[in-house]
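Please report on one pocket, one helix pair and one residue in this model. Keep it brief.

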Amino acid sequence: MERVDVAIVGGGPAGTSAAWKAAEHGANALVVEKGVPRADRNRLGPDSTDAAGMLDYWVDLMDFDPEDIPEEIILRRLDGADFIGPSETLTIDNTSIDASYPDFGFAFHRARFDDWLREEAEAAGATYRVGDSVTGVETDLSVDGSREQTHHLTLSDGDEIEAEYLVLADGPQRTVTTGVLDQFVPTGRSITDHLNPRTANHIAYQEHRRVPDDIYDSHRLKFWWGYMPGHTAYPWVFPNDGDVARIGLTMPIGLDIDDFDRSEWALLREGDDGIPRGGEYIERLIELVYPEYDIEDFPLVEDRGKRGGTETYPISSTRPIESPTTAGIAVVGGAMGGTSAFHEGGDHVAVRTGKLAGELAATDRLDQYNAAWQDALEDEFLRNVSLADIVHDYGPDDWDWAFGTAERLLNHGEYSWWTILTSGLSGYRMVRMYRSTKSKFRNGGYVQFDEDEYEI
C-alpha cells in the first residue's frame, strides 16, 4: 500500500494547486486524476472544459502576479464586456476592483492552463497518477499516537493509497466528494441535499467557431440575458485567438419548457416541445444577432475543444460548503460549490482554495482552512451569491430594467448618493436591493453547510 501525506482526488485547477502548494511546503502529495482525452491535448488530463475568461482581479485572487501567467496560455487580451438585454445594454470597460493585472482581463486556453499548473506541481515534487479513478474512501479517525486520522483510498485498478490528509477536488460532478462527506453527515441527512449535481449545477455547452472579420468584436466578452429561460441562463461569445470565438451558453439542468411562456423569450419558438439543445440555441442566437449571415459563415473549428470543436460541462450553481477539517479533509473548487454559473465558472476560486488547502495540510494546520478560504474570497462569494439571489426570477423586462439602470449609474461614474439620486428612483432601488441582499449573506451567511454540522 502506498502511503502519502496528502492525497488529492482530481487534477483540475483546484486539485493541482493543492498538490503544488503541499509539495512546495514539504509534503508527499499525490494527485489521482481519471483523465479524459481532448483534441487539443496530447495526453490524458483533467476535464478542462470552460469558457476560459479571466478578469483582472481574479489573477490576484488566485494569488498570482500577472507575470506568473505564461504567455502561451493567453489567447487574447480583453478590453471589456457587454451585457445585452432584449432592448438595453450594459457596457463595462473595467471591473472597478483594484487589480495588479493591467487589462480588463484575458481569454485563455484552459487545457494549457491546467497543464502548466501540473508542471509546476510536479516540479515542486508532487506525483500524478492519471488514468485511475478513486472508487472508494474510508476514513479512520482513531488516534494511533502519530496522527489523528487515516484515509484509505481504493483505486479502479485495485491499488490502495493511505493518506493523512485528503483534498477533494473532483469538480462539480462530485463523484467522490458526496460519498466521503456523507460519512460525517447526521443520520437522516445527506450532503447531496446540498451538492446533488442534478440540482446544484448548471450545464454549459460551447462551440469553437470562426467569426466573420467585419462583425468580430475580438477584445470584448458578450453575454445575452433575458433571451432564454432559467435562473442565470444566458448565451455568450468569448473571443479567442485569431478569428476564433467560443460561442456557448449555460442553463439549469432539467428545465421544463411548459413552465415558461415561449413568446416571452427570444430564443424559444412557439413550436418547441422541449428546451432546445445547446447547438440549436447557438444557431438561433447567430440568426438573431447576425441576421445578414448564415450559420455556415461561422464554421466549426473541429480540431479544438473536447470533441469536434464542441464541449459540454457542468458548472456549480450553488452556495459553498465548509469542510470537515477535524477529519483531515478539505473540499476545494467546484466540489465545494465554489464556482459560479452566474459569472461562468470559477478557475480563480478553484486555484485559491486549492492553494490554501495544500499549504495548510502540508503544515498540519488544516483546521484553519474554512476560515482561510472565507477570508480570502468572502467579497467574491458575497457578490456572486447576492447577485444570483437578486436575479433568481428575472424575466426579459427585468433584465432590461437592470441593465438600463446600471448603465445610467455607471455613466455618472463611480456611484455615490448623489449619482444614485440623479439616475432616478430606479438607481436607488438597485443599490438598496444589492446592499440589502448582501447584508443577509454577511458573516458567513453565504455558506450553506457549516463545519459544526458534521458529526465527527
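In this predicted model, the second largest pocket holds about 640 Å³ of space. Its lining counts 37 residues. Closest to the pocket centre are Asp-47, Ala-169, Asp-170, Gly-171 and Pro-172. Four elements give two or more residues each to the lining: helix 1 (13-24), strand 2 (29-33), strand 18 (310-316) and helix 7 (347-362).

Helix 1 and helix 7 also pack against each other, with their axes 7 Å apart and at an angle of about 30 degrees. The crossing of helix 1 past helix 7 is right-handed. From helix 1, the contact takes in Pro-13, Ala-14, Ser-17, Ala-18, Lys-21 and Ala-22. Their partners in helix 7 are Asp-347, Ala-350, Val-351, Gly-354, Lys-355, Gly-358, Glu-359 and Ala-362.

The table gives the residue classes of the pocket lining and of the helix contact.

| Residue set | Nonpolar | Polar | Charged |
|---|---|---|---|
| Lining of the second largest pocket | 15 residues | 14 residues | eight residues |
| Contact of helix 1 with helix 7 | seven residues | three residues | four residues |

Now the single residue. Ala-406 sits in helix 9, which spans residues 396-411. Is Ala-406 buried or exposed? Ala-406 counts as buried because its relative accessibility is 12%, and the cut-off for buried is under 20%. Leaving aside residues up to four places away in sequence, Ala-406 touches Leu-90 and Met-430. His-219 lies 187 residues from Ala-406 along the chain, and their C-alpha atoms are 22 Å apart.

Notes:
Residues are numbered from 1 along each chain as its sequence is written. This is a predicted model: local features need pLDDT of at least 70, side-chain atom pairs count only at pLDDT 80 or more; totals for chains, interfaces and linings use all residues. Side-chain values use heavy atoms; hydrogens and water are left out. On a 1 Å grid over the protein atoms alone, a cavity is a set of points where a 1.4 Å probe fits but cannot get out, and a pocket is an open set with protein on both sides within 12 Å along at least five of seven lines; lining residues have an atom within 4 Å of a point. Grid points are joined across faces, edges and corners, and a volume is the space filled by probe spheres set on the points. Ala, Val, Leu, Ile, Met, Phe, Trp, Tyr, Cys and Pro count as nonpolar, Asp, Glu, Lys and Arg as charged, and the others, Gly among them, as polar. Axes are lines fitted to C-alpha atoms, for helices over the stretch in contact, and angles run from 0 to 180 degrees between N-to-C directions. A crossing is left-handed if the near helix is turned anticlockwise from the far one by less than a right angle, and right-handed if clockwise. Contact means heavy atoms within 4.5 Å. Buried means under 20% relative accessible area, exposed over 50%, partly exposed in between (1.4 Å probe, protein chains only).
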